[in-house]
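Me: I'd like a close look at one part of this model, the place where two helices pack together. Could you walk me through it and then show me what lies around it?

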Amino acid sequence: MEQTGKPTFETEQQVQDWLESVVAAEKLTEIIEGTDRVQNALAWSESPDFRPPFPIDYLTRLGNLRAAAHVLAALHSLELVSKNNRSISLEKGERLFVDLLYCARETSQFVLFEIKNQDGSAREAVSEIIAYEHEALNHTPFSSANDVMMVIVSRKYSTLLDHAVSGLNTWSRRRVLCLRFEDSAETPRLIVHIPAAWSAIGQKGLARTGIVTAVLSFKPSLELDEDDVHAVCSTAASLMVREAERSGGSGFAIVAYNHLYPRLADAPYEILVGVVNPFSFLERAQNEGFLVNSSSPVPDYILGEGRAEELAASWNWLACDGGAAAQYLSGYGSPRWALAPNWSGIRDIQRWRYPRLTLDRFVTPVSIDFWGVMGDYARDAVRHVERMRNFMPTLARPGIDWRHPILGVVLLDEIALEPPLIDGQWTFSALFKFGLVLGRFGTISATLRDAPPEQQRLLQAGAFWAEVDLINMIHEVGLRYLSAENIAEAPPPLSVAECKNGVEVFESVSAFASWFQRAFIGDAEKLLHAAFITGWQIYPIFDPQFNASEDNTCVASLREQAVSSARDWLKWSVDAATSGGRDADAAAKSIAKIFGELLPLDGKDRALAAIDRLDTDLLVERLLTGIPAIIDSWHPQLAHRLAPLASIHHDWDWYEDQVAAARRRGEKNPCLCVGAGGHIALGILPSEPWIPIVDDVTKEVLFSNNGSGSEIILVVSWQDLREGKVPALPTSIPKGFPGRKM
């Protein structure tokens, strides 16, 4: 088309008249450009082969895409109801002149159009269209966001307008479509605009302090029995979820059985509550360099003078439901709040070593529910049944949803914790941890099966959390087995629920462990093989409930084995750190981080001698997580030959925006990283001479593939990415993992 370079529509009325004529001619959907990109991006997010993350920038993007798709689908059979020559207010004297108001007769939905032709008037668009929406609701009370939709037509979308629309679509659940109007060519155009709503602050997931928790318990009236207390707590939790949903925050409520009842607890049930801490994000963003070039006074205030912790400590999040749950409980007894560790502290593997009574030793969840964005995430996971079958096959069964205690806690772990395998990589530490949790689960499950009824009641809490510790790693085993061409032998199912006694339980778990070390790891990877076997054998030394003391002959022997392995692994690491190889610097930094001056690296012989002098208690303490992390710094992950599979659609527009935003804030090497698990994420590569240079990130991008044992870095064009011409993109997940029945 010939470009005139000058707008031909000088007033908003001209744009409105043109738009009205287009609708009257039933050509509106024909002239809107970009609908296919919305559909492709949503197809990616809805694909059963895509496992969505939980960063806020992705969730706001998804909210805007879904809102746009809903409105676009309604732009048919439009009948004109009103335009700006007549007020839509019921009250005389009130002036509410919506530019265009239509009714979609096929679906009985109203569609409001607000047109902004001047740059300065864009800030008025949201306030006006919300006022018009409210007046429409005055005519049709109790209509939902699905019944009244909104369209903003504007030449430009300022930051203010982008953020406002995204707030409506994401947090208020409105349906607002943004169309950019262009008339510099012969024919005017309407182009779908997806607001860029979130400033990237490195929020791949929640920070370690991202979810704060508390326990709401109560002393029930004497006439209430156990079933009554459970019913009262369930109702209180439901009240909390429904009321807190209105506040705009995000959190969860778990109704749990307290095994300390009746001796040390007033009631058999209580409510464990958690919410997302909004003050937890900026500190990590600062540590990771996302705020270096920020000029915003908000992070300056929150992070200045230690205010982040003070604000979090004084934050009145316990009133998130307006006191509804406590008010209800007060009708049946005396409620009280007590602060608990954050969710990361509750789930940290280090809890095994605590001699005191940790929550996982006496509390068993019986139901869970979510609100806010966490609720959206949990329900979205369940409604995609094929995705559940692909990524959580053992939990994709009728009757198991986000309210089920096992699945609910697994989803909560996905939101709040680091994944059990970073980018799907079976590293030394991952294999060691898998051995630990598998062995511990086997012993606790076998003990529970043979215990008398009262002891079974007391062991329920430990068995529940042992299963939750294991289940995500079992899923990772299944995904790798299905995608690895060189693993021919199928795994045996973990059929614990079908076992008649403790012997059968441990035989089932042992059979799985034997398959894992034989077929999954193989004999060639000696050190990785040792990681799993050692974890599988020595888990009792980390948990006092297994009588981990020197007078226990069996545990004392396992402790000696653990100390010996720890010294050997440290000596291998010292060799890597002093060898001058590619990973020497990483190994040295990791050793210094874990041991500091206790293990000097100014000479190999001196370091080896220092290892022999390290205290045994210290070695056991650092063996749980620290020493395996040191091995990760220099030893390659477990590599399998992964099958090439068909790639799926991706929301490349979103990724392109993320990379451009990273470059604008000063990052030299933003890249797209493909992990061994098939996930794509935004990453930052170090400034090394061997890193390729990308001058224009709107045309090309660094592409890092870690889908096998080594990392490959390429420079690819966005066009090639959109056309699927780049190798090693995330792939479809084949089906058929036997899974387990716990």
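Which residues in H17 meet which residues in H18?

Reply: Sure. This is a predicted model, where local features need pLDDT of at least 70 and side-chain atom pairs count only at pLDDT 80 or more, while totals for chains, interfaces and linings use all residues. Numbering starts from 1 along each chain as its sequence is written, and side-chain values use heavy atoms, with hydrogens and water left out.

From H17 you get Ile474, Val477, Arg480 and Tyr481, and they meet Phe512, Trp515, Phe516 and Phe520 in H18 (contact means heavy atoms within 4.5 Å). By class that contact has 7 nonpolar, no polar and 1 charged residues (Ala, Val, Leu, Ile, Met, Phe, Trp, Tyr, Cys and Pro are nonpolar, Asp, Glu, Lys and Arg charged, and the others, Gly among them, polar). H17 covers residues 453-483 and H18 covers 502-521 (helices are DSSP runs of H or I of at least four residues, strands runs of E of at least two, numbered from the N terminus). Their axes are 13 Å apart and the packing angle is about 40 degrees (axes are fitted to C-alpha atoms over the stretch in contact, with angles from 0 to 180 degrees between N-to-C directions). So H17 is oblique to H18 (under 35 degrees is roughly parallel, over 145 roughly antiparallel, 65 to 115 roughly perpendicular, the rest oblique). H17 passes H18 in a left-handed crossing (the near helix is turned anticlockwise from the far one by less than a right angle; clockwise is right-handed).

H18 also packs against H16, residues 428-450, where the axes come within 7 Å and cross at roughly 165 degrees. That makes H16 roughly antiparallel to H18. This crossing is right-handed. On the H16 side, the contact is made by Leu431, Phe434, Leu438, Gly439, Phe441, Gly442, Thr443, Ser445, Ala446, Arg449 and Asp450. H18 brings Gly502, Val503, Val505, Phe506, Val509, Phe512, Ala513, Phe516 and Ile521. The classes here are 13 nonpolar, 5 polar and 2 charged. Phe512 and Phe516 of H18 turn up in the contact with H16 and in the one with H17.

Another helix pair is H20 (residues 553-577) with H23 (residues 616-623), packed at an angle of about 75 degrees with axes 9 Å apart. H20 and H23 are therefore roughly perpendicular to each other. H20 uses Arg559, Ala562, Val563, Ala566, Arg567, Trp569 and Leu570, facing Thr616, Asp617, Leu619, Val620 and Leu623 of H23. That contact divides into 8 nonpolar, 1 polar and 3 charged residues.

On to empty space. The structure holds 1 cavity of 30 Å³ or more (a set of points on a 1 Å grid over the protein atoms alone where a 1.4 Å probe fits but cannot get out, lined by residues with an atom within 4 Å of a point). Its volume is about 100 Å³ (the space filled by probe spheres set on points joined across faces, edges and corners). The lining is Arg51, Pro52, Tyr377, Ala381, Arg387, Met388, Phe391, Met392, Leu411 and Glu414, or 7 nonpolar, no polar and 3 charged. H13 (372-383), H14 (385-391) and H15 (405-416) each supply at least two lining residues, and H14 gives the most, with 3.

Finally, two backbone details. The peptide bond from tyrosine 261 to proline 262 is cis, with omega near 5 degrees, and proline 262 is found in the loop between strands S9 (251-258) and S10 (269-276). Glutamate 26 has a positive phi of about 55 degrees although it is not a glycine, and it is found in the loop between H1 (12-24) and H2 (28-31).

Key. 1 Å grid on protein atoms, 1.4 Å probe; cavity = no way out; pocket = protein on both sides within 12 Å on 5 of 7 lines; lining within 4 Å.
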